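Let's get to know this structure together, one question at a time. Have a look at it first, and then we can begin.

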Amino acid sequence: MRRATVVVVALLCVTGLASAERDRSEKPGAVPPAPRILAFDAMYGVDGPFVGPANPIRGIVGDEQPWVVADHVRGRLDARGHLKIQVRGLVFADEPSVPPELRGKNDEEAFRGAVSCLTESGPEVSTANVFTQGFPASTTGDSDIDASVVLPNPCVAPIVFVLAGSEDKWFAVTGFESPEE
């Protein structure tokens, strides 16, 4: 009998929570959540031919030095332009081209996010890049970017960047590189 009572109480709680959530979303003026455009659990640190101005991505150049994601970068972008990026361990690469005192560190006080979209300009396709303000970054390359940007309409094939707080150069971009075998 006690087990049946516990099951009934648990079912009533779940039903009540579902009903309360449904009632909240049906209230006049309730704003439904924005559709998610993009969610990612990986980014590619600027490296190789992307270092410097020779091979910009959608008009945004890579930093002059290679960077790595030592831990992780996760994020999401919704259709209202809310961009959230959790950066952990975005630092200079441990490579001979990087001065020894910078290897494994971040020398920027802030990171910014950027979203690059392809959009329509009359009959032509153009690139539209929008940037967040700066968010504090630690010397270990940690930062939490949480901002809203005004996306172009339409926003096609979005790419997300983490940039320097002080200049328009990217350190990481949505993408990945498989480890060498």
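## Charged pairs and a nonpolar core

In this predicted model, R88 is buried, with 19% relative accessible area.

Q: Is D144, the salt-bridge partner of R88, buried, partly exposed or exposed?
A: The side chains of D144 and R88 form a salt bridge, with 3.1 Å from N to O. D144 sits in strand β9 and R88 in strand β5, so this pair ties together parts 56 residues apart in sequence. Buried means under 20% relative accessible area and exposed means over 50%. With a relative accessibility of 44%, D144 is therefore partly exposed.

Q: Which strand holds K84, the residue that meets D146 in a salt bridge?
A: The N to O distance in the bridge between D146 and K84 is 3.9 Å. D146 is partly exposed at 37% relative accessible area, and K84 is partly exposed at 34%. The two are 62 residues apart, with D146 in strand β9 (residues 143-148) and K84 in strand β5 (residues 82-92). The strand that holds K84 is β5.

Q: Which residue forms a salt bridge with D168?
A: D168 is partly exposed, with 45% relative accessible area, and lies in the loop between β10 (156-164) and β11 (169-174). Its partner is in strand β6 (residues 110-121), 56 residues apart from D168. That partner is buried, with a relative accessible area of 11%. The closest N and O atoms of the pair are 2.7 Å apart, and the partner is R112.

Q: How many salt bridges are there?
A: Among them are the pairs D146 with K84 and D168 with R112. Salt bridges with shared partners also join E64, E167 and K169 into one network. The count comes to six.

Q: Which strand gives the most residues to the largest nonpolar core?
A: This core has 36 residues. At least two of them come from each of β2 (43-45), β4 (67-78), β5, β6, β9, β10 and β11. The strand that gives the most, with six residues, is β10.

Q: Which residues of β10 (156-164) are in contact with I85?
A: I85 is among the residues with the most contacts inside the largest core, along with V115, F161 and W170. Leaving aside neighbours within four places in sequence, I85 is in contact with residues including F40, V73, I145 and D144. Strand β10 spans 156-164, and the contacts of I85 that fall in this range are V160, F161 and V162.

Definitions and conventions:
Residues are numbered from 1 along each chain as its sequence is written. This is a predicted model: local features need pLDDT of at least 70, side-chain atom pairs count only at pLDDT 80 or more; totals for chains, interfaces and linings use all residues. Side-chain values use heavy atoms; hydrogens and water are left out. A salt bridge is a side-chain nitrogen of Lys or Arg within 4 Å of a carboxyl oxygen of Asp or Glu. Helices (H or I, at least four residues) and strands (E, at least two) are DSSP runs, numbered from the N terminus. Buried means under 20% relative accessible area, exposed over 50%, partly exposed in between (1.4 Å probe, protein chains only). A nonpolar core is a set of buried Ala, Val, Leu, Ile, Met, Phe, Trp, Tyr and Cys residues joined through side-chain atoms within 4.5 Å. Contact means heavy atoms within 4.5 Å.
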